[in-house]
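Let's take a walk through this structure together, one stop at a time. Keep the viewer open so you can click along.

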Amino acid sequence: MLILECPYCGVKAEETELHGGGEAHLVRRGPDSSDDAFESYLFQRQNPKGVHFERWRHAYGCGKWFHAARCTATLEVFGTYSAQVSEPPQQIRDRIAARRPGWSWSDQG
Ligand SMILES: [Zn+2]
């Protein structure tokens, strides 16, 4: 069972209390971007076996969106943080790098 801590209200919520919102940190593309970039923004998503950054909503709690960093293979949660940032906080990246030697944020995307 996946349990994530909402970074806003501090509740440790089971997956059934949350609503998944897909991949986090997508770079939005506007109508003036190339067709390939816009198609990629709309349809291309990562589906890694390993470290993944996701959007979640505390649907049966405070209702706010947040981001979670977790491993899709082991369900290990590296941390949750505000959805108001464009990159994971350094503290989360350090935690992942400590648990997954060789992992780097720059390798994502
Ligand atoms: Zn909450």
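Start at Leu18, which sits in the loop between β2 and β3. With a relative accessibility of 9%, Leu18 counts as buried, since anything under 20% goes into that class. Before moving on, keep in mind that this is a predicted model. Now find Thr74: Leu18 and Thr74 are 56 residues apart along the chain, and 19 Å separates their C-alpha atoms.

Next, the metal. Which atoms hold the zinc ion? Zoom in and you'll find the SG atoms of Cys6, Cys9 and Cys62 together with ND1 of His58, at 2.1 to 2.4 Å. Read along the chain, these donors follow the spacing C-x2-C-x48-H-x3-C. Cys6 belongs to the loop between β1 (3-5) and β2 (12-14), while His58 belongs to the loop between β4 (51-57) and β5 (65-71), so this pair ties together parts of the chain that are 52 residues apart in sequence. If you check the accessibility of that pair, both Cys6 and His58 come out as buried.

What about the geometry at the zinc ion? The four donor atoms subtend angles of 97 to 123°. Four donors count as tetrahedral if all angles lie between 85 and 135 degrees, and that is why the arrangement here is called tetrahedral. For a yardstick, the ideal angle for four tetrahedral donors at a metal is 109.5 degrees.

From the metal, go on to the empty space. The second largest pocket has a volume of about 270 Å³. It is lined by 14 residues, and the closest to its centre are Ala24, His25, Leu26, Arg28 and His67. Sort the lining of this pocket by character and you get seven nonpolar residues, four polar ones and three charged ones.

His25 deserves a second click. Its place is the loop between β3 (19-23) and α1 (35-43). Although His25 is not a glycine, it has a positive phi of about 65°. Is His25 buried or exposed? It has a relative accessible area of 18%, so it counts as buried.

Leu75 makes a good partner for that story. Here too phi is positive, near 65°, in a residue other than glycine. Leu75 lies in the loop between β5 and β6. At 38% relative accessibility, Leu75 counts as partly exposed.

While you're at that loop, turn to the charged side chains. How many salt bridges does a search of the whole structure find? The answer is four. One of them pairs Glu76 with Arg99, where the closest N and O atoms are 2.6 Å apart. That pair links distant parts of the chain: Glu76 is in the loop between β5 and β6 (77-82), and Arg99, 23 residues away, is in helix α2 (residues 90-99).

Glu76 also meets the side chain of Arg100 in a salt bridge, at 3.2 Å from N to O. Arg100 lies in the segment after α2, so its pairing with Glu76 ties together parts that are 24 residues apart in sequence. With 22% relative accessibility, Arg100 counts as partly exposed.

Another salt bridge joins Glu87 and Arg93, whose closest N and O atoms are 3.1 Å apart. The two ends fall into separate accessibility classes: Glu87, at 38%, counts as partly exposed, whereas Arg93, at 18%, counts as buried. Coming back to the earlier pairs, Glu76, Arg99 and Arg100 are joined into one network by salt bridges that share partners.

Two helix residues round off the tour. Ile92 is in helix α2, and at 4% relative accessibility it counts as buried. Try a distance from there to Tyr60: the two residues are 32 apart in sequence and 25 Å apart in space, C-alpha to C-alpha.

Finally, Ser40 has its place in helix α1. At 34% relative accessibility, Ser40 counts as partly exposed. Its C-alpha atom is separated by 9.0 Å from that of Arg29, which is 11 residues away along the chain.

Technical notes
Residues are numbered from 1 along each chain as its sequence is written. This is a predicted model: local features need pLDDT of at least 70, side-chain atom pairs count only at pLDDT 80 or more; totals for chains, interfaces and linings use all residues. Side-chain values use heavy atoms; hydrogens and water are left out. On a 1 Å grid over the protein atoms alone, a cavity is a set of points where a 1.4 Å probe fits but cannot get out, and a pocket is an open set with protein on both sides within 12 Å along at least five of seven lines; lining residues have an atom within 4 Å of a point. Grid points are joined across faces, edges and corners, and a volume is the space filled by probe spheres set on the points. Ala, Val, Leu, Ile, Met, Phe, Trp, Tyr, Cys and Pro count as nonpolar, Asp, Glu, Lys and Arg as charged, and the others, Gly among them, as polar. Donors are N, O and S atoms within 2.8 Å of the metal (3.2 Å for Na, K and Ca); water is not among the atoms, so sites may look incomplete. Four donors count as tetrahedral if all angles lie between 85 and 135 degrees; four count as square planar and six as octahedral if opposite donors are over 155 degrees apart and all others between 65 and 115; anything else is irregular. Helices (H or I, at least four residues) and strands (E, at least two) are DSSP runs, numbered from the N terminus. Buried means under 20% relative accessible area, exposed over 50%, partly exposed in between (1.4 Å probe, protein chains only).
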